[in-house]
Amino acid sequence: MICSALEKVWEIPVTDADLPEGEDSVSWFREFLGETWEKLNRPCSRKVMDQAFAYLQSREKALNPEEYVLLHGDAHGRNTLETLSGDDYKLIDPDGIFYEKAYDLGVLMREWTEEYDQFPLEKGKERCNYLHQLTGVPEQAIWEWGYLQTVSTGFVLLQIGQEKTGHQMLRTAEHWVEQVT
């Protein structure tokens, strides 16, 4: 449902929009992750952070403005509503970004972390492949944004007092980095 709604968003033409773009997103993540990790007294390992910065570098190298589309920026189940007719879904509360599709799918990777409790790498890779199958977006890009979204959202949740879920997300990232590197 969410991927179908995203594909409709991605088709909306964008001309002369004053939206953050890929470079802005990478810069924001780089600054936020570095500063917040220190501010929160390093709530995850250096290895998790090193991998996050490596993925940011990878996404930076892959910047291709010709492939940018309008993104929702925070498409997840709580931002998805069924239409009144009951035959479709709409996304609400958009962030609005002009960037690569994998960014939106990374948000979906960070959701359902409880499914990652057992066999976190296998379940994460299954979800990544599923999102790739639904959208055709390259798996590696989805994986990298999923990892980045998981770590950054873990930090946000810790900052706003949702420590259980925040730590759960960071544990997922710890498992992913241990088993990937």
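Buried, in this tour, means under 20% relative accessible area. The structure on display is a predicted model.

**Stop 1: helix H4**

Select residues 101-110, which form helix H4. Buried residues here are Ala102, Tyr103, Asp104, Leu105, Gly106, Val107, Leu108, Met109 and Arg110. With 9 of the 10 residues of H4 buried, the helix is largely enclosed by the rest of the structure. Then step just past the end of H4 to Trp112, where phi is positive, at about 60°.

**Stop 2: the salt bridges around Glu111**

Keep H4 in view and add the side chains of Asp74, Arg78, Arg110 and Glu111, which are linked in a network of salt bridges. Within the network, Arg78 pairs with Glu111, and their closest N and O atoms are 3.5 Å apart. Arg78 belongs to the loop between strand S1 (69-71) and S2, and Glu111 to the loop between H4 and helix H5 (120-135), so this pair ties together parts that are 33 residues apart in sequence. Is each partner buried or exposed? Arg78 counts as exposed, at 61% relative accessibility, whereas Glu111 is buried, with a relative accessible area of 9%. Arg110, also in the network, is one of the buried residues of H4.

**Stop 3: the crossing of H3 and H6**

Select residues 46-61 for helix H3 and residues 139-159 for helix H6. The axes of H3 and H6 come within 10 Å and cross at roughly 135°. The two helices are therefore oblique to each other. The crossing of H3 past H6 is left-handed. To display the contact, show Lys47, Val48, Met49, Gln51, Ala52, Tyr55, Leu56, Ser58 and Arg59 on the H3 side, and Gln140, Ala141, Trp143, Glu144, Trp145, Tyr147, Leu148, Val151 and Phe155 on the H6 side. Colouring these contact residues by type gives 12 nonpolar, 3 polar and 3 charged.

**Stop 4: Arg59 and Glu144**

Remain at the H3-H6 contact, where both Arg59 and Glu144 take part. Side chains of opposite charge can pair when their charged atoms come close. The side chains of Arg59 and Glu144 form a salt bridge, at 2.8 Å from N to O. Since Arg59 lies in helix H3 and Glu144 in helix H6, the pair ties together parts that are 85 residues apart in sequence. How accessible is each of the two? Arg59 counts as buried at 7% relative accessibility, and Glu144 is buried as well, with a relative accessible area of 4%.

**Stop 5: Lys8 and Asp88**

A search of the whole structure finds 11 salt bridges. Another to select is that of Lys8 with Asp88, whose closest N and O atoms are 2.7 Å apart. Lys8 sits in helix H1 (residues 2-10) and Asp88 in the loop between strand S2 (80-82) and strand S3 (89-91), so the bridge ties together parts that are 80 residues apart in sequence. Lys8 counts as partly exposed, at 39% relative accessibility. Asp88 is also partly exposed, with a relative accessible area of 22%.

**Stop 6: loop residues**

Move next to Ala17, in the loop between H1 and helix H2 (22-39). Ala17 is partly exposed, with a relative accessible area of 39%. A distance drawn from the C-alpha of Ala17 to that of Ala102 spans 20 Å, and the two residues are 85 apart in sequence.

Continue to Asn41, in the loop between H2 and H3. What is notable about its backbone? Although Asn41 is not a glycine, its phi is positive, at about 60°. Asn41 counts as exposed, at 66% relative accessibility.

Asp93 is found in the loop between S3 and strand S4 (97-99). For Asp93, a residue other than glycine, phi is again positive, near 55°.

**Stop 7: Gln168**

Finish in helix H7 (residues 163-180) by selecting Gln168. Gln168 is buried, with a relative accessible area of 13%. Which residues does Gln168 contact, leaving aside its neighbours within four places in sequence? They are Thr113, Glu114 and Asp117.

Definitions and conventions: Residues are numbered from 1 along each chain as its sequence is written. This is a predicted model: local features need pLDDT of at least 70, side-chain atom pairs count only at pLDDT 80 or more; totals for chains, interfaces and linings use all residues. Side-chain values use heavy atoms; hydrogens and water are left out. Axes are lines fitted to C-alpha atoms, for helices over the stretch in contact, and angles run from 0 to 180 degrees between N-to-C directions. Helices (H or I, at least four residues) and strands (E, at least two) are DSSP runs, numbered from the N terminus. Angles under 35 degrees count as roughly parallel, over 145 as roughly antiparallel, 65 to 115 as roughly perpendicular and the rest as oblique. A crossing is left-handed if the near helix is turned anticlockwise from the far one by less than a right angle, and right-handed if clockwise. Contact means heavy atoms within 4.5 Å. Ala, Val, Leu, Ile, Met, Phe, Trp, Tyr, Cys and Pro count as nonpolar, Asp, Glu, Lys and Arg as charged, and the others, Gly among them, as polar. A salt bridge is a side-chain nitrogen of Lys or Arg within 4 Å of a carboxyl oxygen of Asp or Glu. Buried means under 20% relative accessible area, exposed over 50%, partly exposed in between (1.4 Å probe, protein chains only).
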